[in-house]
Amino acid sequence: MNKYYATTPIYYVNDVPHIGHTYTTIAADVITRFYKQIGYDARLLTGADEHGAKIEEAAKKHNLKPQQYVDQISSEFKQIWDKLNINYSRFIRTTDEDHIKIVQGFLQKMYENDAIDQNPRLYKGLYCVGHEKFMSPEELTDGVCSEHKTKPIEYAEENYYFKLSKFQDQLETLISSDEINVRPIARKNEVLGKIKQGLEDISISRASLEWGIPLPFDNKHTVYVWIDALINYYTYGKEKGIWPADLHLVGKDILWFHSIIWPAMLLSINEETPKQVFAHGFFTINGQKMSKTIGNVIKPEELITKYGVDGTRYVLLSAFPFGEDGDFSWEYLDRSFNADLANGLGNLIARIAKLAEKVNFKVTETTEIFDPLVSQKLKELKFSEALTFIWQDIAALDKKINEVQPWKLETAELTEFLSESSIKIRSIALSLKPFLPETAEKILTQFSGEVKSGPSLFPRIR
Ligand code: MSP
């Protein structure tokens, strides 16, 4: 059996889940469900990134021990993914015991392979806790982080270094040949451009931070949170014998970590690199950056209350091409829900079911097919385009009903019309399954055996 191993980023638990996390996670779930449906042993890994200065600070603010704090918040993430029907194979936490062991083994190997300096170097730099990284002068305005508006911490401490620069040529070859398939193509070119400017060695340990995994070869240091976090993919993949990952799905802000640092770490221990790294875009809310300060952060619960689980999955993925930046507004999402789900899909199913019920129509043939066009688009991670194809089929069937006017037909002709239509409906449901798992299942059940009309699938929003 072919395997397909996809991952989402593991989310920092210093924050509550929002629409940004939701977007990535739903996309990853859709692609994994799709591969499962076409016969792969498909796995999805998601989880929680629980170490680092940011978490240590947040815990202190809440008067909690870091462990208590992360236990609390990571369970919020897990709950919301369960609610959204995310079929993850494991919810990994970087405080899980097996992960900690694997991280230490990984770093030990890097050290033995001379990918990490034998001794720490004195490092001076400006560290932004909000970013969990050292900042370059361009990222600061008047000495303050341009994004977080906070003054970075002046660091001067001994850090162990990963010799990233050693891997420059190898990375360039792997990425330009698509052996590591960095997508969309514009992002691949961006990454290649940056490699050409030269790679510098990076600090991978902290001497002053307690809340982290101790370095195996020097336990006065903890592992830098990003290095610890990236290894999560390997922890699960290695344990299950499914390494390398087929897809790391990430937002564009963390592409560098996934397409450069992570593959280099793997090369340094002679492991295989991931097959694809896909970076999706960032979205704004009503044209504004989403931020706690502006107060426009949308939580997944709000979407579920309004659109239901499948409705939420649909409105997010259909809104704009995956990989590009986009904008969300409640008006837009409402319109898309009403037009495509309530009127489009919901109405079509209701119309045909009503006609079928009238003549006690029974579905006997179930030779539905997964639309190859949809399948192709999904393999390219073009979610909104895949949905457009499905909605073209929905519109075509709607149009046919209007033309044929089946309510005027004699029983024999009507039965024939219903047979054809129900095959089409079952095919539509099949292609919809990765996106709208519950709805698709409902439709498939409704259109097997005797067809009964049921409650409306998506009641209109006013
Ligand atoms: N913990 C790290 C990832 C470690 S992976 C080894 C992290 N976490 S995060 O919670 O800050 O962000 C997780 C993901 O959410 C990122 O891929 C990021 O791009 C995505 N998004 C956060 N805000 C977003 C938008 N406004 N729009 C789209 N995606 C956004 O980074």
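**View 1. Strand 3, covered on both faces.** "Buried" here means under 20% relative accessible area, a cut-off worth having in mind for this predicted model. Take strand 3, residues 90-93, and look at its two faces. Arg 90 and Ile 92 sit on one side, Phe 91 and Arg 93 on the other, and all of them are buried. So what does strand 3 pair with? Its partner is strand 2 (residues 41-49), running parallel to strand 3 and joined to it by four bridges. For a landmark in this pairing, find Thr 46, which stands opposite Phe 91.

**View 2. The ligand and its shell.** Which of the 23 residues around the ligand come nearest? They are Ile 10, Asp 49, Gly 251, Asp 253 and Phe 283. Two of these also offer polar backbone atoms to nitrogen: a backbone atom of Ile 10 is 2.8 Å from a ligand nitrogen, and a backbone N or O of Phe 283 lies 3.2 Å from a nitrogen of the ligand. Tyr 12 deals with oxygen, with a polar backbone atom 3.3 Å from one of the ligand's oxygen atoms. How much of the ligand does the protein bury? Taken alone, the ligand exposes 670 Å², and the protein buries 92% of that. Strand 1, helix 1 (19-37), helix 7 (225-230), helix 8 and strand 15 each give two or more residues to the shell. Strand 1 supplies the largest share, four residues. By character, the shell splits into 13 nonpolar, eight polar and two charged residues.

**View 3. Lys 3 and Asp 246, one salt bridge out of 30.** Searching the whole structure turns up 30 salt bridges. One of them pairs Lys 3 with Asp 246, and the closest N and O atoms are 2.8 Å apart. Where in the chain do the two partners sit? Lys 3 belongs to strand 1 (residues 3-12), while Asp 246 is in the loop between helix 8 (232-239) and strand 15 (247-251), so to speak a long-range link of 243 residues along the chain. The partners also differ in cover: Lys 3 is partly exposed at 23% relative accessibility, whereas Asp 246 is buried at 10%.

**View 4. Asp 334 and Lys 306, a link between two helices.** The closest N and O atoms in this salt bridge are 3.0 Å apart. Asp 334 comes from helix 11 (residues 330-358) and Lys 306 from helix 10 (residues 300-318), with their positions 28 residues apart in the chain. Buried or partly exposed: which is Asp 334? Asp 334 counts as buried because its relative accessibility is 16%. Lys 306, at 33%, counts as partly exposed.

**View 5. Glu 385 with Lys 377, then a network.** The side chains of Glu 385 and Lys 377 meet in a salt bridge of 3.0 Å, N to O. Here the acid is the partly exposed partner, with a relative accessible area of 34%, and the lysine is buried, at 17%. Elsewhere, salt bridges that share partners tie Arg 90, Asp 96, Asp 98 and Glu 239 into one network. Arg 90 should look familiar: View 1 has this residue buried in strand 3.

**View 6. Two buried polar side chains, Gln 276 and Asn 296.** Gln 276 lies in strand 16 (residues 276-280) and is buried, because its relative accessible area is 15%. What does the Gln 276 side chain touch? A polar contact of 3.0 Å joins it to the side chain of Asn 181. Asn 296 sits in the loop between strand 18 (288-289) and helix 10, and at 13% relative accessibility this asparagine is buried too. A polar atom of the Asn 296 side chain is 3.1 Å from the backbone oxygen of Lys 289.

**View 7. An open sheet of three strands.** The strand order is 12-14-13, and the pairing is antiparallel. Which strands form the edges? Strand 12 (205-206) and strand 13 (214-215) do, each pairing on one side only. Strand 13 is held to strand 14 (residues 218-223) by two bridges. To find the spot, look for Leu 215, whose bridge partner in strand 14 is Asp 218.

Definitions and conventions. Residues are numbered from 1 along each chain as its sequence is written. This is a predicted model: local features need pLDDT of at least 70, side-chain atom pairs count only at pLDDT 80 or more; totals for chains, interfaces and linings use all residues. Side-chain values use heavy atoms; hydrogens and water are left out. A salt bridge is a side-chain nitrogen of Lys or Arg within 4 Å of a carboxyl oxygen of Asp or Glu. Buried means under 20% relative accessible area, exposed over 50%, partly exposed in between (1.4 Å probe, protein chains only). A residue is near a molecule or strand if one of its heavy atoms lies within 4 Å of it. A polar contact is a pair of N or O atoms within 3.5 Å; within protein, one must be able to donate a hydrogen and the other to accept it, and residues adjacent in sequence count only if both atoms are side-chain atoms. Accessible areas come from the Shrake-Rupley method with a 1.4 Å probe; for residues, only the protein chains shown count as cover. Ala, Val, Leu, Ile, Met, Phe, Trp, Tyr, Cys and Pro count as nonpolar, Asp, Glu, Lys and Arg as charged, and the others, Gly among them, as polar. Two strands pair if DSSP finds at least two bridges between them.
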